[in-house]
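Q: Please take one part of this structure and go through it closely. I would like to see how it is paired, what covers it and what lies around it.

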Amino acid sequence: MSTDRPHSVSVAGVVVDAQGRALLIQRRDNGRWEPPGGVLEREETIPEALQREVLEETGIKIALPATLTGVYKNMTGLIVSLVFRCEAADGTPTTGDETRALRWATREEVSELSDEAYAIRVLDALDATSPPAIRAHDGVKLV
């Protein structure tokens, strides 16, 4: 089975604080709560894209290397996402062009705020098991 549309590759960074909470952003475009991230640009390495996306969306510079905690495929959107557990190296959480709001969320709050497909990314990062999780979803629910 072939498709005319190729897959996109994205990264997301789950920044975890000393209390074990994850930094979530509320996106301006759709109002959803999820970890900061986005699509890799052509000339970027994965770590460069991860650092750029987290900085653009939260004002936080992350420490590298970050730990890969999961690989997720959006079966309808044809996006493969690499999710990393990150530590803040510098900066203060702040909103930006793509971010309406942000907050530090506990495990329970993550599940209440985010669609299942995004909550599981954060929960997998908080658990940080090895090997990383490999999951598929339809953009909202796991499949």
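A: Start with one pair: Gln-26 stands opposite Ala-101 in β9. The model is predicted. Gln-26 sits in strand β2, which spans residues 22-27. β2 and β9 run antiparallel, joined by six bridges. Ile-25 also has a partner in β9, and that partner is Leu-102.

Now the other side of β2. Two bridges join β2 to β3, again antiparallel. Here Ile-25 stands opposite Glu-34. Ile-25 is thus matched with Leu-102 in β9 and with Glu-34 in β3. The link from β2 to β3 is a hairpin with five residues between the strands. Gly-31 lies in that turn, and its phi is positive, about 75°.

Put the strands together. The order is β3-β2-β9, in an open sheet of three strands with antiparallel pairing. β3 (33-34) and β9 (99-105) form the edges, each pairing on one side only. In a regular strand, side chains alternate between the two faces of the sheet.

How covered is β2? Five of its six residues are buried, so the strand is mostly covered, taking buried as under 20% relative accessible area.

Part of the packing involves helix α1. The helix covers residues 46-58, 13 in number. From first C-alpha to last, α1 reaches 18 Å, close to the 18 Å expected at 1.5 Å a residue. Its buried residues are Ala-49, Leu-50, Arg-52, Glu-53, Val-54, Glu-57 and Thr-58. An α-helix has 3.6 residues a turn, so residues three or four places apart point the same way. The cover over the buried residues of α1 includes β2 and β9 from the sheet above, along with β1, β4, β5 (61-62) and β7. After α1 comes Gly-59, with a positive phi near 80°.

Two of those covering strands, β1 and β7, lead to a second set of pairings. Eight bridges join β1 to β7, and the two run parallel. Val-9 has Val-80 of β7 as its bridge partner. β7 also pairs with β6 (residues 67-74), through seven bridges, this time antiparallel. Val-71 stands opposite Leu-82 in β7. β6 and β7 form a hairpin with four residues between them. Leu-78, in the turn, has a positive phi of about 55°.

Next, the space around these elements. The largest pocket holds about 300 Å³. It is lined by 18 residues. Nearest its centre lie Ser-10, Arg-27, Glu-34, Tyr-118 and Arg-121. Glu-34 has already appeared, opposite Ile-25. β1 (8-15), β4 (37-39), β7 (79-86) and α3 (116-127) each give at least two residues to the lining. By type, the lining divides into six nonpolar, eight polar and four charged residues.

α3 deserves a closer look. Two of its acidic residues make a useful contrast. Asp-124 lies in α3, and so does Asp-127. Which of the three classes does Asp-124 belong to: buried, partly exposed or exposed? Asp-124 is buried because its relative accessible area is 8%, under the 20% cut-off. Asp-127 counts as partly exposed because its 43% falls between 20% and 50%. Beyond four places in sequence, Asp-124 touches Thr-69, Tyr-72, Thr-129, Ala-133 and Arg-135. Asp-127 and Ala-18 are 109 residues apart along the chain, and their C-alpha atoms are separated by 14 Å.

Past α3 comes a loop leading to β10 (133-137), and Pro-132 is in it. Pro-132 is partly exposed, with a relative accessible area of 30%. Its contacts, again leaving out residues up to four places away, are Leu-68, Thr-69 and Gly-70. Thr-69 is also touched by Asp-124. Pro-132 and Phe-84 are 48 residues apart in sequence, yet 9.6 Å apart in space, C-alpha to C-alpha.

Back to the starting point. β2 is paired with β9 through six bridges and with β3 through two. Five of its six residues are buried.

Terms used: Residues are numbered from 1 along each chain as its sequence is written. This is a predicted model: local features need pLDDT of at least 70, side-chain atom pairs count only at pLDDT 80 or more; totals for chains, interfaces and linings use all residues. Side-chain values use heavy atoms; hydrogens and water are left out. Two strands pair if DSSP finds at least two bridges between them. On a 1 Å grid over the protein atoms alone, a cavity is a set of points where a 1.4 Å probe fits but cannot get out, and a pocket is an open set with protein on both sides within 12 Å along at least five of seven lines; lining residues have an atom within 4 Å of a point. Grid points are joined across faces, edges and corners, and a volume is the space filled by probe spheres set on the points. Ala, Val, Leu, Ile, Met, Phe, Trp, Tyr, Cys and Pro count as nonpolar, Asp, Glu, Lys and Arg as charged, and the others, Gly among them, as polar. Buried means under 20% relative accessible area, exposed over 50%, partly exposed in between (1.4 Å probe, protein chains only). Contact means heavy atoms within 4.5 Å. The expected span of a helix is 1.5 Å times one less than its number of residues.
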